[in-house]
Amino acid sequence: FDLQSIPAHSHVEEAWLYLYLVGRSGSLPLPVRVVALTRPWDVEEVTFQRASKEAAWNIEGANKAGIDLAAQVSALGILDGEGRWVAFELTALVQEWLDYPERNYGLIIKDDGTASVQYELASAEWDADPTLRPKLVVAWKPAVTAPTPTNTSTVPTATPSSTATPTLTPSPIR
């Protein structure tokens, strides 16, 4: 997810991923877990076996914790029904991505049960109705900058020089 519009060092108060359930192959609900990917992959070339043409997943399906995906689950949920939205709370993961943008490889949704059912989700390329594409909604506050200390003593101070003092300005997220 592109978080460049959020200033560096901001505080994520809340982050939710919304996915639209387009269809399913049966009537069973499907427990799922949302896990951050930890390595690059190519959206045009990714398969069950490969992250890209040049690189295979360590274990097929991006299943090697700590190599292909994070060891810690970011969210749990249940896919149930169709023609509706499902939401996953991802505040901690989005804060990590904001603090360490080089770790943002996206995420993967893994089944967490034994149900034999396939769910179809609207993707970022969903052309049937673009309003049903995944949405990451982030509520954030800008970084709090420390106030500049002021001298409130009555002790005489030196006369300021004509040399300017450089000030630090926050740099944008890359």
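Reader: Let's start with the helix. Which are the buried residues of helix α1?

Author: Keep in mind that this is a predicted model. As a general idea, an α-helix has 3.6 residues a turn, so residues three or four places apart point the same way. Here, helix α1 runs over residues 91–99, and its buried residues are T91, L93, V94, Q95, W97 and L98.

Reader: And what covers the buried residues of α1?

Author: Strands, for a good part. The cover includes β1, β2, β4 (84–89), β5 (107–111) and β7 (135–141).

Reader: I'd like to look at the stretch ahead of β1. Is S10 buried or exposed?

Author: For this you read the relative accessible area, and anything under 20% counts as buried. S10 sits in the segment before β1, a strand that spans 11–24. With a relative accessible area of 2%, S10 is buried.

Reader: With which residues is S10 in contact, leaving aside its neighbours within four places in sequence?

Author: Two of them take you back to the helix: S10 is in contact with Q95 and L98, and both of those are buried residues of α1. The other contacts of S10 are W140, K141, P142 and A143.

Reader: What about H9, buried or exposed?

Author: H9 also belongs to the segment before β1. Its relative accessible area is 61%, so H9 is exposed. S10, by contrast, is buried. Check the backbone of H9 too: its phi is near 70°, a positive value in a residue other than glycine.

Reader: What is the phi of A62, and where does A62 lie?

Author: Phi of A62 is near 55°, again positive in a residue other than glycine. You'll find A62 in the loop between β2 (30–36) and β3 (75–79). Although A62 is in a loop, its relative accessible area is 0%, which means it is buried.

Reader: Now the charges. How many salt bridges does a search of the whole structure find?

Author: Side chains of opposite charge can pair when their charged atoms come close. In this model the search finds 7 salt bridges. One of them pairs R24 with D80, with the closest N and O atoms 3.4 Å apart. That pair links distant parts of the chain, R24 being in strand β1 and D80 in the loop between β3 and β4, 56 residues apart.

Reader: How accessible are R24 and D80?

Author: Both count as partly exposed: R24 has 27% relative accessibility, and D80 has 33%.

Reader: With E82, what do the side chains of R24 form?

Author: They meet in a salt bridge, 3.7 Å from N to O. E82 lies in the loop between β3 and β4, 58 residues from R24 in strand β1. At a relative accessible area of 45%, E82 is partly exposed.

Reader: Where do D112 and R33 lie, and what do they tie together?

Author: First the pair itself: the side chains of D112 and R33 meet in a salt bridge, 3.3 Å from N to O. D112 is in the loop between β5 and β6 (119–121) and R33 in strand β2, so the pair ties together parts that are 79 residues apart in sequence. D112 is partly exposed at 42% relative accessibility, and R33 is partly exposed at 23%.

Reader: Which residues do salt bridges that share partners join into one network?

Author: R24, D80 and E82. To trace that network, start from R24, which forms a salt bridge with D80 and meets E82 in another.

Technical notes
Residues are numbered from 1 along each chain as its sequence is written. This is a predicted model: local features need pLDDT of at least 70, side-chain atom pairs count only at pLDDT 80 or more; totals for chains, interfaces and linings use all residues. Side-chain values use heavy atoms; hydrogens and water are left out. Helices (H or I, at least four residues) and strands (E, at least two) are DSSP runs, numbered from the N terminus. Buried means under 20% relative accessible area, exposed over 50%, partly exposed in between (1.4 Å probe, protein chains only). Contact means heavy atoms within 4.5 Å. A salt bridge is a side-chain nitrogen of Lys or Arg within 4 Å of a carboxyl oxygen of Asp or Glu.
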